[in-house]
Amino acid sequence: MIETSRQLKMSLSAFMIAFGALLTSGLVLGTPHAWNQSAQSTESTEQAARMKWFREAKFGLFIHWGLYAIPAGEWKGQPIAGIGEWIMNRAKIPVKEYEQLAAQFNPVKFNADEWVKLAEDAGMKYIVITSKHHDGFAIYQSRASKYNIVDATPFKRDPLKELAAACAKRNLRLGFYYSQAQDWHESNGAGNTWDFGPDDQKNFDQYLQEKAEPQVRELLANYGPVCLIWFDTPRMMTKERSQRFIDILRTLQPQCLIDGRLGASGDYRSMGDNRIPDTVINEDWEVPATLNRTWGYKKDDNDWKSPEDLTFKLVDIISKGGNYLLNVGPTAEGIIPQPSQDNLRAVGRWLKVNGEAIYGARPTPFGEELGQLSTAETGKDGKPLFKAKMDWRCTTRPGKLFIHLFKWPAAQFELPAIKNKVKKAYLLADPGRKPLSVNQTDSAISISLPQQAPASMPLVVSLEIEGDTVRR
Ligand code: JFZ
């Protein structure tokens with residue numbers, strides 16, 4: 001259980017104390033710290049500066065919102081299988097029919113500040129929203145194409161303008177998903193073979209030059225600082241074509257990051273959707289992930305991941321060196337589904353107490369806690385299966401180790417040996433920071449814990465150690 005009312009009260013006071021301590025130690029402001037040694041040494045100072053916020057932020061909100069929220073997974077009375085935002089493709093809906101959805105799109109309940117407040121409550125530090133998905137419809141005012149929310153709908157407002165203002169007010173960063181290659185609305189865009197025939201017979205560069213490139217310029221010119229552009233599904237994206245986007249970004253907003261799905265290497269790696277790697281990856285990376293199964297809203301998808309599961313995934317990802325970009329799919333009215341809100345806020349309550357172990361935190365120096373390759377079982381690819389362990393995870397900061405306990409170890413917790421001397425141990429959830437007794441030998445560190453499992457898991461043990469990096 002993540003939340004009980006007792007936990008909530010404890011969370012608040014612990015948060016205030018923890019936050020005060022963070023501020024005075026300078027951690028919240030993010031004093032530069034060693035990145036992974038190998039990458040750091042070859043990384044330019046320019047690249048390090050660009051990546052700085054991303055390495056601190058760790059947790060972001062993904063928003064998939066567009067015309068597909070209207071059918072919400074159903075076309076002409078038939079449920080359409082697959083992810084909601086793919087409905088035009090899955091049901092092979094002709095452009096002439098699909099584009100009529102625009103006349104119905106009137107999300108009068110959209111409130112940018114409520115969305116940004118949700119991200120803030122969840123403990124997220126950045127927001128990435130679909131400015132244009134594969135269906136080709138822009139949810140912002142575009143001069144490059146009339147197929148946009150201001151010119152083609154009764155709503156007429158520009159949600160990205162409103163979100164940019166709300167993010168600025170609440171100090172969150174804003175980035176834009178942009179489907180650079182697939183555009184099912186355009187005869188020369190990739191992907192729509194049912195209206196326009198095979199992709200290899202299209203004038204793809206004409207589409208890029210007349211729509212995608214101008215629209216990316218608009219996004220970078222009209223909405224203030226953009227923290228990243230999240231390109232996707234790089235069909236037909238040669239190095240030359242990708243380079244044109246890189247040039248646009250580096251000219252208009254040199255600090256703006258490029259994700260891993262442009263078609264040329266970006267500023268960080270994007271993992272497969274919902275795919276958390278088995279072990280530590282010493283690079284900048286991010287996992288895009290869903291709260292249920294779909295990205296765009298689908299009325300019959302109620303397969304919600306629990307707050308406990310989400311918290312485990314968050315900690316798991318941070319302990320392996322990545323960022324977690326977690327998605328919501330608002331309805332056609334502009335409402336984020338209530339279970340999404342509830343589950344995200346539950347994670348946020350845990351983060352208020354334990355955020356020091358997440359924001360800007362570095363991956364585990366251990367690794368044995370993550371699991372190991374099976375000696376007996378193989379996966380579909382014939383390779384040995386990785387058997388994950390889920391009892392504990394570790395994240396670090398200079399001079400600190402954080403042990404996230406997912407399984408209560410009954411009185412004693414044994415940590416693999418490190419050479420640094422452990423100076424002090426306490427629970428992040430304990431506002432009094434009562435020292436836990438620690439017995440450190442050459443072969444292990446054992447930490448005494450209360451007999452009784454706590455009401456909220458994972459509990460985080462903070463260890464203050466001598467020296468900035470963990471030596472094993
Ligand atoms: C893409 C989109 O097609 C989808 O609609 C959604 O926006 C998602 C975030 O991204 O889908 C992908 C792209 C890449 C992988 C999986 C799904 N991948 O690399 O595993």
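Is Asp259 buried or exposed, going by its relative accessibility? In this predicted model, Asp259 comes out at 0% relative accessibility, so it counts as buried. As for its place along the chain, Asp259 belongs to the loop that runs between strand 7 (257-258) and strand 8 (269-270). Trp285 sits 26 residues away from Asp259 in the chain, and the C-alpha atoms of the two are separated by 8.8 Å.

A second loop residue, Thr153, tells a similar kind of story. Thr153 is found between helix 7 (149-152) and helix 8 (159-170), in the loop that links them. With a relative accessible area of 3%, Thr153 falls under the 20% cut-off and is therefore buried. Its side chain also has polar company from the backbone. A polar atom of the Thr153 side chain lies 3.1 Å from the backbone nitrogen of Phe155, and the side chain of Thr153 reaches the backbone nitrogen of Lys156 at 3.4 Å.

Now for the ligand. The shell around the ligand is made up of 14 residues, and the closest are His64, Glu85, His134, Asp232 and Asp273. Sorted by class, this shell has five nonpolar, five polar and four charged residues. Some of the polar contacts can be spelled out. For Glu85, an N or O atom of the side chain is 2.5 Å from an oxygen atom of the ligand. For His64, the corresponding distance between a side-chain N or O atom and a ligand oxygen is 2.7 Å. Trp86 joins in as well, with a polar side-chain atom 2.9 Å from an oxygen atom of the ligand. Taken alone, the ligand would expose 450 Å², and the protein buries 73% of that.

Further along the chain there is a sheet to look at. Three strands make up this open sheet, in the order 15-18-17, with antiparallel pairing. Strand 15 (412-416) and strand 17 (438-440) are the edge strands, and each of them pairs on one side only. On average, neighbouring strands of the sheet are turned by 15° against each other, with direction ignored.

What joins strand 15 to strand 18 (residues 444-448)? Five bridges do, and the two strands run antiparallel. Among the bridge partners, Gln412 is matched with Ser448 of strand 18, while Pro416 is matched with Ala444 of strand 18. Over on the other pairing, strand 17 and strand 18 are held in the antiparallel sense by three bridges. One of the pairs there is Asn439 with Ser446 of strand 18. Strand 17 and strand 18 also form a hairpin, with three residues between them.

Why is strand 18 described as largely enclosed by the rest of the structure? Four of the five residues of strand 18 are buried, so the strand is largely enclosed. In a regular strand, side chains alternate between the two faces of the sheet.

Definitions and conventions
Residues numbered from 1 in each chain as written. Predicted model: local features only at pLDDT ≥ 70, side-chain atom pairs only at ≥ 80, totals over all residues. Heavy atoms only, no water. Near = heavy atom within 4 Å. Polar contact = N/O pair within 3.5 Å; in protein donor to acceptor, adjacent residues only side chain to side chain. Areas by Shrake-Rupley, 256 points an atom, 1.4 Å probe, with all protein chains shown as cover. Nonpolar A, V, L, I, M, F, W, Y, C, P; charged D, E, K, R; others polar. Pairing = 2+ DSSP bridges. Axes fitted to C-alpha atoms, helices over the stretch in contact; angles between N-to-C directions. Buried < 20%, exposed > 50% of the residue type's maximum accessible area, 1.4 Å probe, protein only.
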